[in-house]
Amino acid sequence: MLDVLLYGMLELALDIEHGADNPYDPLQVLVDVELARPDGTAQRWPAYYDGQGWMFRYRALQPGEYSARILLNEADAGGFVFHVEPSGDPGPIRVDGWGF
């Protein structure tokens, strides 16, 4: 299982065999990652092609265990699990009254 710190960046190379002539064309190949978050909600994030392979980048905003399902043109193409540990980082900038 992968371990990531809260607000840290998770970046993974996805093992995807797509066979498309143009991996940059979403009409030929579409890779998404569907996340089940610790609070029970789901999120769907696009993967991207970096010229050599498919990548997934995500910054977790809550601690706990996440499970991910990789979708290739809407079909199941595998998955992975990662765990987010609390960290001392303050997290993203938030509005506090009239300022930041």
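**A walk through the strands and the core**

Let us start at Val31, which touches Leu14, Ile16, Pro46, Ala47, Trp54, Ile70, Leu71 and Leu72, leaving aside residues up to four places away in sequence. Keep in mind as you look around that this is a predicted model.

Val31 also belongs to a wider group. The largest nonpolar core has 24 residues, and Val31 is among those that touch the most other members, together with Leu14, Phe56, Phe80 and Phe82. Several strands contribute to this core: E2, E3 (31–36), E6, E7 (64–72) and E8 (75–85) each supply at least two residues. Strand E7 gives the largest share, with four residues.

One of the contacts of Val31 is Leu72, a residue that lies in strand E7. Is Leu72 buried or exposed? Leu72 counts as buried because its relative accessibility is 17%, and the cut-off for buried is under 20%. Around Leu72 you will find Ile16, Glu17, His18, Val29, Leu30, Val31 and Ala77, all of which Leu72 touches, again not counting residues up to four places away in sequence. For a sense of distance, try finding Asp39 as well: Leu72 and Asp39 are 33 residues apart along the chain, and their C-alpha atoms are separated by 25 Å.

Now turn to the way some of the strands are arranged. As a general point, strands of a sheet pair through backbone hydrogen bonds, in either a parallel or an antiparallel sense. Here, three strands make up an open sheet in the order E2-E6-E5, with antiparallel pairing. Strands E2 and E5 are the edges, each pairing on one side only.

Which strand pairs with E2 over six bridges? The partner is E6 (residues 54–59), which runs antiparallel to E2 (residues 9–14). You can pick out one of these pairings by eye: Leu10 has Tyr58 in E6 as its bridge partner.

On the other side of the sheet order, strand E5 (residues 48–49) is joined to E6 by two bridges, and the two strands run antiparallel. Here Tyr49 stands opposite Trp54 in E6. Trp54 may look familiar, as this residue is also among the contacts of Val31. Strands E5 and E6 form a hairpin with four residues between the strands, and within the hairpin Gly51 takes a positive phi near 100°.

Terms used
Residues numbered from 1 in each chain as written. Predicted model: local features only at pLDDT ≥ 70, side-chain atom pairs only at ≥ 80, totals over all residues. Heavy atoms only, no water. Pairing = 2+ DSSP bridges. Core = buried A, V, L, I, M, F, W, Y, C linked by side-chain atoms within 4.5 Å. Buried < 20%, exposed > 50% of the residue type's maximum accessible area, 1.4 Å probe, protein only. Contact = heavy atoms within 4.5 Å.
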